[in-house]
Amino acid sequence: MARMTMIEAVRSAMDVSMGRDDNVVVFGEDVGYFGGVFRCTQGLQAKYGRTRCFDAPINESGILGTAIGMAAYGLKPCVEIQFADYMYPAYDQITQEAARIRYRSNGDFTCPIVVRMPTGGGIFGGQTHSQSPEALFTHVCGLKVVVPSNPFDAKGLLIASIEDPDPVIFLEPKRLYNGPFDGHHEKPVTPWSKHELGEVPEGYYTIPIGKADIRRQGSAVTVIAYGTMVHVALAAAEETGIDAEVIDLRSLTPLDLDTILQSVQKTGRCVVVHEATLTSGFGGEIAALVQEHCFYHLEAPVVRVTGWDTPYPHAQEWDYFPGPARVGRALAEVMEG
Amino acid sequence: MSDRAPLSLHVPEPAVRPGGAPDFSNVKIAKAGSVPRPAVDVASEEMRDLAYSIIRVLNRDGEAVGPWAGALSDEEILTGLRDMMRLRAFDARMLMAQRQGKTSFYMQHLGEEAVSCAFRKALDKGDMNFPTYRQAGLLIADGYPMVEMMNQIFSNEADPLRGRQLPIMYSSKEHGFFTISGNLATQYVQAVGWAMASAIKGDTKIAAAWIGDGSTAESDFHSALVFASTYKAPVVLNIVNNQWAISTFQGIARGGSGTFAARGLGFGIPALRVDGNDYLAAYAVAKWATERARRNLGPTLIEYVTYRVGGHSTSDDPSAYRPKTESEAWPLGDPILRLKKHLIGRGVWSEERHAQAEAEILDEVIQAQKEAESHGTLHAGGKPSVRDIFEGVYAEMPAHIRRQRQKAGY
């Protein structure tokens with residue numbers, strides 16, 4: 001078993017997929033010769049040639065539009081949007097085109113594309129390199145939305161996404177690229193090479209889209225998280241000593257509702273954590289589902305811990321980022337409820 | 001305060017509004033046969049004039065003249081005439097059906113029939129169009145069954161799109177017709193992607209992109225030209241300039257560029273302007289552009305100069321923004337009448353045969369309509385199932401959609 005960072009795991013997923021299927025093509029801004037600003041596509045052009053992995057003009061709508069056309073032809077494009085914050089020019093192509101082509105043509109045409117986007121903050125990226133726009137995609141029917149939290153999942157989920165017959169938004173928490181960042185920005189992050197989920201098979205494997213994973217078994221409270229916040233939640237559980245069960249959703253659409261409900265029915269308490277802004281965020285959907293299905297099991301109101309309803313600031317990053325202290329306070333709050 | 005003269009904003013206006021006398025004196029019409037036909041491998045900078053002129057084959061006497069003439073046989077031209085007549089008859093019946101409440105909405109091609117009917121004949125089986133809502137001639141001229149189109153328009157139980165799409169938003173992979181979207185210009189760059197895919201795979205198929213004059217203002221038009229230019233994609237980029245974007249005259253989208261075709265020049269894309277009401281010219285130019293694409297010479301931009309005689313859709317009344325008689329003043333005439341005159345002059349057609357063909361085609365359309373109506377219309381008879389709302393959002397129905405379908409009672 002190899003040790004991989006999340007960057008290497010993502011790269012390996014594309015490498016394996018391109019090797020298995022000639023129809024897989026990879027393109028985006030800076031992804032060709034240079035290998036991407038985060039290095040996720042490094043070496044793919046050299047290995048598979050310029051027509052399988054290439055640079056695109058700085059035009060996100062064009063990247064999505066051409067990917068949709070390629071998918072209609074029969075290719076399986078896996079494109080990179082350099083930062084999730086840059087996806088807005090492509091939003092029309094994603095929401096009104098990619099997401100609906102199967103439906104509106106009654107399956108005459110389909111859109112098997114993957115849109116990879118580095119997401120989230122924690123890198124002093126300011127308001128245009130730190131956003132978490134997942135709720136803008138979970139609100140759109142016809143898309144699948146995947147957010148891995150570690151190298152092992154990232155590779156298996158990305159291969160599954162490339163093989164999926166429908167469009168998948170694949171959000172890569174950029175703060176996790178090099179290690180399981182738990183919000184303790186004052187300390188160096190443990191590298192993935194020292195983490196069990198940094199052990200990644202070299203070859204082919206998939207992780208099914210739509211299946212959550214329980215990262216920490218617990219009985220006192222259920223914490224529902226994804227991406228970077230999984231590690232923050234784990235840290236909060238350890239530091240507070242509250243016996244939290246931490247669920248890593250991995251896929252937001254489709255959502256593994258069964259795993260959520262089983263856990264909340266067991267613990268009777270629920271905290272939802274995400275880095276994105278609060279209002280109309282994905283946490284609202286989770287909270288609604290939990291109260292619809294588990295109302296009589298709940299011992300306390302469902303609490304959300306999220307980014308503030310402001311743009312992502314630069315200097316005040318760690319007052320914005322919902323770190324382990326804030327999650328810990330929420331755990332204590334629901335335990336009192 | 002500055003001592004400079006105050007700035008003022010320029011807001012373009014059409015030459016004439018309702019109540020005025022139609023005036024197309026600003027539309028410069030080149031003489032038929034006067035525009036040269038360059039070799040298909042010529043560089044775009046050596047044919048810049050073609051972006052500002054109008055390629056025409058049929059002269060006022062109905063003769064086919066000049067270097068773009070002679071591309072089609074008698075039989076092929078007769079087929080072209082019948083295709084256009086069929087599309088016009090189809091439109092007339094479907095407009096009426098909409099007025100009778102058999103569907104919610106319709107969009108006709110009146111005056112623009114030559115563009116899509118001629119273009120289809122320049123494509124091969126397996127090529128792919130990414131059309132707008134006003135290119136049904138691509139389907140008609142490829143022999144797509146009219147009854148299928150009507151089933152879609154009526155959203156009935158036999159609708160191939162199961163009632164999900166607005167009328168006329170057809171889809172047929174088999175007939176090289178990509179599923180139509182109601183938002184604008186998105187398809188333009190998708191066509192470039194399809195063409196890139198064909199080139200990536202070393203295939204021989206080409207793509208065609210379609211857009212109207214108004215939507216060229218969308219950023220996806222720019223995106224398409226960038227990608228087509230960069231990767232020399234085997235795609236024909238068609239702009240149908242029918243003068244009106246709903247109520248907005250073409251000058252609002254065109255701005256100061258002179259012509260829409262000229263937008264290609266900055267991208268190094270060969271650009272031509274053609275008389276869109278001249279079937280022979282439209283075909284000849286389409287053939288030139290498809291030949292370029294097939295020879296891996298890259299994209300071509302074509303502006304078809306035509307006129308939207310009818311309203312934008314059944315929800316539009318053009319008398320509110322342009323003179324009622326403007327279509328009669330349109331200097332490029334009617335595409336069907338012009339081709340008919342040519343065929344009569346060629347000695348292969350007559351008024352009698354034309355009248356007979358009109359009657360036959362009308363009968364064909366009525367038969368198709370009867371069959372389609374036997375499967376229902378929007379508010380009467382057979383309908384797609386409520387289940388069809390929930391099917392096909394994904395390849396495999398996820399649990400949350402299944403729960404919602406069950407909640408809806410299905």
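User: Two strands pair if DSSP finds at least two bridges between them. What makes β1 and β2 of chain B a pair?

Analyst: This is a predicted model, in which local features need pLDDT of at least 70, side-chain atom pairs count only at pLDDT 80 or more, and totals for chains, interfaces and linings use all residues. Residues are numbered from 1 along each chain as its sequence is written, chains are lettered from A and ligands numbered from 1 in the order in which they are written. DSSP finds 3 bridges between β1(B) and β2(B), residues 207–212, and at least two are needed, so the strands count as paired. They run parallel, and N129(B) has A208(B) as its bridge partner in β2(B).

User: What makes β1(B) an edge strand?

Analyst: Its place in the sheet. The order is β1-β2-β3-β7-β6 in chain B, an open sheet of 5 strands with parallel pairing. β1 (128–130) and β6 each pair on one side only, and these are the edge strands. Neighbouring strands are turned by 20 degrees against each other on average, direction ignored; the axes behind such angles are lines fitted to C-alpha atoms, for helices over the stretch in contact, and angles run from 0 to 180 degrees between N-to-C directions. On that scale, α5(B) lies across β1, β2 and β3 of chain B and runs at about 170 degrees to β2(B).

User: Why is β7(B) described as largely enclosed?

Analyst: All the residues of this strand pass the test for burial: 6 of the 6, from 300 to 305, are buried, so β7(B) is largely enclosed by the rest of the structure. The test is 20 or more other C-beta atoms within 10 Å of a residue's own (exposed: 12 or fewer; partly exposed: in between; C-beta atoms placed from the backbone). T300(B), I302(B) and Y304(B) lie on one side of the strand, with L301(B), E303(B) and V305(B) on the other. That is the pattern of a regular strand, where side chains alternate between the two faces of the sheet. β7(B) pairs in the parallel sense with β3(B), residues 235–241, over 6 bridges, where V236(B) stands opposite T300(B). Another 5 bridges join β7(B) to β6(B), residues 271–275, also parallel, and there R273(B) is the bridge partner of E303(B).

User: How do you know which strands of the sheet in chain A stand at the edges?

Analyst: This open sheet has 7 strands in the order β3-β2-β4-β5-β7-β6-β12, with mixed pairing. β3 (53–55) and β12 (251–253) of chain A each have a single partner strand, so one side of each is left without a neighbour in the sheet. For β3(A) the partner is β2(A), residues 24–28, parallel over 3 bridges. V26(A) stands opposite C53(A), and F27(A) has F54(A) as bridge partner. On its other pairing, β2(A) is joined to β4(A), residues 76–80, by 5 parallel bridges, with V25(A) opposite P77(A). β2(A) is mostly covered, with 5 of its 5 residues buried.

User: Why is α8(A) called a helix, and how does its span compare with the expected one?

Analyst: Helices are DSSP runs of H or I with at least four residues (strands are runs of E, at least two), numbered from the N terminus; α8(A), residues 228–240, has 13 residues, so it qualifies. The expected span is 1.5 Å times one less than the number of residues, here 18 Å, and α8(A) reaches 19 Å from its first C-alpha to its last. G241(A), with a positive phi near 75 degrees, follows the helix.

User: What makes α8(A) mostly covered, and what covers it?

Analyst: Of its 13 residues, 11 are buried, among them T228(A), H231(A), A233(A) and T240(A). The cover includes β7, β9, β10, β11, β13 and α12 of chain A. A233(A), leaving aside neighbours within four places in sequence, is in contact (C-beta atoms placed from the backbone, within 7 Å) with V223(A), A225(A), V246(A), V273(A) and V327(A).

User: How much of chain B is in contact with chain A, and how is that side made up?

Analyst: 36 residues of chain B are in contact with 35 residues of chain A. α5(B) gives the largest share of the chain B side, 11 residues. By class, that side has 17 nonpolar, 15 polar and 4 charged residues, where Ala, Val, Leu, Ile, Met, Phe, Trp, Tyr, Cys and Pro count as nonpolar, Asp, Glu, Lys and Arg as charged, and the others, Gly among them, as polar.

Key: Two residues are in contact if their C-beta atoms, placed from the backbone, lie within 7 Å.
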